[in-house]
Amino acid sequence: MNFTTLNGTFLDLFHVLPRQAFFAPGRINLIGEHTDYNGGHVFPCAITYGTYAVVRKREDGLIRLYSSNFPDKGIIEFNLKQLDYDKEHNWANYPKGMIRYIIEAGYEIPTGFECAIHGNIPNGAGLSSSASIELLTGVLVTGLFGLDIPRLELIKLGKKVENEFIGVNSGIMDQFAIGMGMIDAGILLDCQTLTFEYAPIHLKNHKIIIMNTNKRRELADSKYNERRSECETALAKLQQRLPIEALGQLSEEEFDENQSLITNETVRKRAKHAVYENVRTLKALEELRAGNLVAFGQLMNQSHISLRDDYEVTGLELDSLVEAAWNQPGVLGARMTGAGFGGCAIAIVENEAVNRFITNVGVTYRDKIGYEADFYVASIGDGAKEIEMEEAV
């Protein structure tokens, strides 16, 4: 869909032209998986896929929303005085929750508005379309009504929508990456303190390839809770000797010296991943600052091996994609991204190798798994923002 089409959709639906346009990206996590709840760091970036909106103020309190991604839902309407969760409102509960919490935070939204939305984030790929809609709504309301809402507050409100309004127990990484993303930069983020640093990632000669296994992630929730519990058990064992509050506080050396406290081998492997993966995020910052993309790619590979062997959250589909990627020329590194058990992997691939890479990895995957993977060529882009009406969607 191009921008002209989105404007045309708005005109068809609301019989006037929109006045302003906004964008919020999706995100990927480059390295640092299952570290956030272990007191460690994550390393996400915003991508050039995302969610677009064109909008116009109304003079009453009615909010009318339409998404071209859910055309069967039609225009979803609610009033500024009726901002409770409504199952019938489906995807529109994400913007509704943001509007509610912005008002509850003390900001005035004096009138309603009409809005048409289109997202080009691949559905079900785990690139955080829900957080994209949350932050899109945040910047839209801020820009539409001239509100002075600090970006970090919008990020926290987005997480609150996810946790309290929708009821999903997720962390803050998605909203943070989408709200604070910057072109040609990754973000080293401490999820506990929200301290962060940008790391330069100049991919002039490379592209990020997102590889979707197209496997539904049925196990992700139960196994996620299981891994959290195993890490808590490991932490309790280590705390018998060490004055720590989280696994992410340990160096590799400290863990190696004290791992015998964890008598269960499986629990010990889980803790090793949490510690070593956090250290990899810190090494990644150093290597990128030194302009060493090759070393960064090697850290990505090590991350996947640890997620496969020590944390055991990859599975046949993700391993097949990543191992096929490792065997292709022009690949700096590849790993699963997200919770695991399906979902996506990512690879950094030289520009001239991209087409061959997609063909070869696709054939290998189909032959082994029996169905197709999907591939998306992405770049690192900006965070949520207002855009000029003329910019392309």
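For these exercises, Ala, Val, Leu, Ile, Met, Phe, Trp, Tyr, Cys and Pro count as nonpolar, Asp, Glu, Lys and Arg as charged, and the others, Gly among them, as polar. The structure above is a predicted model. Keep it open while you work.

**Exercise 1. The second largest pocket**

Find which residues line the second largest pocket, and sort them by class.

*Solution.*
Step 1. Begin with the space itself: the second largest pocket has a volume of about 190 Å³.
Step 2. Collect the lining, which consists of Asp 36, Tyr 37, Lys 159, Asn 163, Asn 169, Ser 170, Gly 171, Ile 172, Cys 191, Gln 192, Tyr 224 and Arg 228.
Step 3. Sort these residues with the classes above: four are nonpolar, five polar and three charged.
Step 4. Look for the helices behind the lining. Both α4 (151-166) and α6 (220-238) supply at least two of its residues.

**Exercise 2. The largest cavity**

Work out which elements give two or more residues to the lining of the largest cavity.

*Solution.*
Step 1. Searching the whole structure turns up two cavities of 30 Å³ or more. The largest cavity has a volume of about 40 Å³.
Step 2. Its lining is made up of Leu 65, Pro 95, Ile 99, Phe 113, Cys 115, Ile 117, Leu 136, Thr 137 and Leu 140.
Step 3. Match these residues to the elements: α2 (93-104), β5 (113-119) and α3 (129-145) each give two or more.
Step 4. Add the classes. Eight lining residues are nonpolar, one is polar and none is charged.

**Exercise 3. Strand β3 and its partners**

Is strand β3 largely enclosed or open, and which strands does it pair with?

*Solution.*
Step 1. Recall the cut-off: a residue is buried when its relative accessible area is under 20%.
Step 2. Apply it to β3, residues 62-67. Five of the six residues are buried, so the strand is largely enclosed by the rest of the structure.
Step 3. Turn to one partner. Four bridges link β3 with β4 (residues 76-79) in the antiparallel sense, and Ile 63 faces Phe 78 of β4.
Step 4. Turn to another partner. β3 and β5 run parallel and are joined by four bridges, with Leu 65 standing opposite Cys 115 in β5.
Step 5. Link this to Exercise 2: Leu 65 and Cys 115 both appear in the lining of the largest cavity.

**Exercise 4. Strand β2 and its partners**

How many bridges join β2 to β1, to β5 and to β6?

*Solution.*
Step 1. Check the surroundings first. Of the 17 residues of β2 (residues 41-57), 14 are buried, so this strand is largely enclosed by the rest of the structure.
Step 2. For β1, count 10 bridges, with the two strands antiparallel. Ile 31 has Phe 43 in β2 as its bridge partner.
Step 3. For β5, count seven bridges, again antiparallel. Here Lys 57 stands opposite Phe 113.
Step 4. For β6 (residues 185-190), count two bridges, also antiparallel. Val 42 has Leu 189 in β6 as its bridge partner.

**Exercise 5. Two residues with positive phi**

Where do His 15 and Asn 214 lie, and is each buried, partly exposed or exposed?

*Solution.*
Step 1. Take His 15, which has a positive phi of about 65° although it is not a glycine. His 15 sits in the loop between α1 (3-14) and β1 (20-31).
Step 2. Compare its accessibility with the cut-off for exposed, which is over 50%. His 15 has 64% relative accessibility, so it counts as exposed.
Step 3. Take Asn 214, also not a glycine, whose positive phi is about 60°. Asn 214 is located in the loop between β8 (206-212) and α6.
Step 4. With a relative accessible area of 34%, Asn 214 is partly exposed.

**Exercise 6. A four-stranded sheet**

Trace the open sheet of four strands, then find which helices lie across it.

*Solution.*
Step 1. Read the order as β9-β10-β8-β11, with antiparallel pairing.
Step 2. Mark the edges: β9 (331-337) and β11 (374-378) each pair on one side only.
Step 3. Consider the twist. Ignoring direction, neighbouring strands are turned by 20° against each other on average.
Step 4. Zoom in on β9 and β10 (residues 344-350), which run antiparallel with six bridges between them. Thr 337 is opposite Cys 344 in β10.
Step 5. Add the helices. α9 (residues 293-309) lies across β8, β9 and β10, at about 35° to β9. α11 (residues 354-369) lies across β8, β9, β10 and β11, at about 20° to β8.

Technical notes. Residues numbered from 1 in each chain as written. Predicted model: local features only at pLDDT ≥ 70, side-chain atom pairs only at ≥ 80, totals over all residues. Heavy atoms only, no water. 1 Å grid on protein atoms, 1.4 Å probe; cavity = no way out; pocket = protein on both sides within 12 Å on 5 of 7 lines; lining within 4 Å. Points joined across faces, edges and corners; volume = space filled by probe spheres on them. Buried < 20%, exposed > 50% of the residue type's maximum accessible area, 1.4 Å probe, protein only. Pairing = 2+ DSSP bridges. Axes fitted to C-alpha atoms, helices over the stretch in contact; angles between N-to-C directions. Contact = heavy atoms within 4.5 Å.
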